[in-house]
Amino acid sequence: MTESLPATGSVEAVSDAEAAEVVDDVATDAEASVVGRLLIALDIDGTVVLEDESYSPGVVDAVAHAHAAGHEVMLATGRSWEGTRHILEGLALNPEYVVCSNGAVILRRLGDGADARYERFHTEQFDATEVLGLLGEHLPEAKYMVELPDGRRLYTDHIDDWNLANADRVGFADLAAQPVSRIVVVSDEDTDQDFVELVARIGLNEVSYAVGWTAWLDIAPQGIDKATALEKVRGWLGIDAPHVLVIGDGRNDIGMFRWAREHGGRAIAMAQGPDEVRSEASELTASVMEGGVSAILKAL
């Protein structure tokens, strides 16, 4: 049986450059359809960047590769928006949503390209009076910061590692004067294990918390973490539940690891993460120093 051919003159000739672009588009669409469009959520510290804020080897190119393959690559971080914005710019990344403040804040992109900007689209909040009272009693020498629902932050003492743009220094008593989206506590006198034991001892009720690998404690409204925010984003984007891939290295990533696994997705821990974090992952990758994120994304 002979297949019919297009009528003479019905096929338009194009330049080599245009033809290459068409082939590239077809290949990208085919790759995304084979894998399925993924929602890829990346932690920042210890995952995308090193302690000195330099990028993990190969991660910028790897993010571009995953984006070109048709996947939705975004950040899910404990950082506030002020500490996240420049990381997005460094990655040349404009996702539709960004999860900040350990899930208490979700930002949405408005516009595209050079005109793109982000608005606070969904924000959680709680009354911090009781929690701050407990913490102040047990950690009177610690340094405190709260993030307000409108993005402003209040802090008691300067810390070099904090980005203090859009932040005001206040007395401890003023921190709980209005509802907050999160509380951050830093204590130079304590270790991360000290914080773990303190939380168990004093009983922080009605809130969610995460202890950092250095001596800091991050507190959010009850039931709120990266996973709850990412589930909202997944629904808004219309991505199937099993098509999620999350990568992180800290205790504040455990929630999103469990969420990804429960939905049939991939939860990937960085090699340098604590044992209790790596045990919650479905896979391990190389350390942030060795380009662990790059290895995963380039293999998609």
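Just after helix H7 of this predicted model, Gly264 adopts a positive phi of about 85°. Helix H7 itself spans residues 254–262, and its buried residues are Ile254, Gly255, Met256, Phe257, Trp259 and Ala260. These buried residues pack against two helices, H6 (226–237) and H8 (275–278), and against three strands, E1 (39–42), E12 (244–248) and E13 (266–270).

The loop between E12 and H7 contains Asp253. This aspartate counts as buried because its relative accessibility is 0%. Beyond its neighbours within four places in sequence, Asp253 is in contact with Asp43, Lys226 and Gly248.

**The chain as a whole**

The protein chain folds into nine helices and 14 strands. Of its 300 residues, 48% are buried. Among contacts between residues at least 6 apart in sequence, 56% join residues at least 24 apart. The chain exposes about 14,400 Å², and carbon and sulfur atoms supply 49% of that area.

**Helix H3 and the sheet E3-E4-E5**

Helix H3 covers residues 81–90, with Trp81, Glu82, Gly83, Thr84, Ile87 and Leu88 buried. The buried residues of H3 pack against five strands: E2 (72–75), E3 (97–100), E4 (105–110), E5 (117–123) and E7 (153–155).

Strands E3, E4 and E5 form an open sheet in the order E3-E4-E5, with antiparallel pairing. Because E3 and E5 stand at the edges with a single partner strand each, one side of each is left without a neighbour in the sheet. On average, neighbouring strands of this sheet are turned by 30° against each other, direction ignored. Strands E4 and E5 run antiparallel and are joined by six bridges. Within E5, Thr123 stands opposite Val105. Helix H3 packs on the sheet and touches E3, E4 and E5, its direction making about 135° with that of E3. Helix H6 also packs on the sheet, touching E3, E4 and E5, and the direction of H6 makes about 170° with that of E3.

**Positive phi values in the loops**

Most residues other than glycine have a negative phi. Two residues other than glycine carry positive values here: Ala92 and Asn102. The table sets out their values and places.

| Residue | Phi | Place | Relative accessible area |
|---|---|---|---|
| Ala92 | near 55° | loop between H3 and E3 | 68% |
| Asn102 | near 55° | loop between E3 and E4 | 6% |

Ala92 comes just after H3. With a relative accessible area of 68%, Ala92 is exposed, whereas Asn102, at 6%, is buried. The cut-offs behind these two words are over 50% for exposed and under 20% for buried.

**Strand E11**

Strand E11 (residues 216–221) is largely enclosed by the rest of the structure, because five of its six residues are buried. Its pairing with strand E9 (residues 182–186) is antiparallel and extends over four bridges. In that pairing, Val185 has Leu217 of E11 as its bridge partner.

**Nonpolar cores**

In soluble globular proteins, nonpolar side chains tend to be buried together. The largest nonpolar core of this model has 32 residues, of which Ile40, Leu42 and Leu297 touch the most other members. Helix H2 (residues 59–68) contributes the largest share of this core, four residues. Leaving aside neighbours within four places in sequence, Ile40 is in contact with Ala66, His71, Glu72, Val73, Met74, Leu245, Leu297 and Leu300. Apart from this core lies another, of 24 residues, among them Val233, Leu237, Ile254 and Trp259. Two of these, Ile254 and Trp259, are also among the buried residues of helix H7.

Key: Residues numbered from 1 in each chain as written. Predicted model: local features only at pLDDT ≥ 70, side-chain atom pairs only at ≥ 80, totals over all residues. Heavy atoms only, no water. Buried < 20%, exposed > 50% of the residue type's maximum accessible area, 1.4 Å probe, protein only. Contact = heavy atoms within 4.5 Å. Areas by Shrake-Rupley, 256 points an atom, 1.4 Å probe, with all protein chains shown as cover. Pairing = 2+ DSSP bridges. Axes fitted to C-alpha atoms, helices over the stretch in contact; angles between N-to-C directions. Core = buried A, V, L, I, M, F, W, Y, C linked by side-chain atoms within 4.5 Å.
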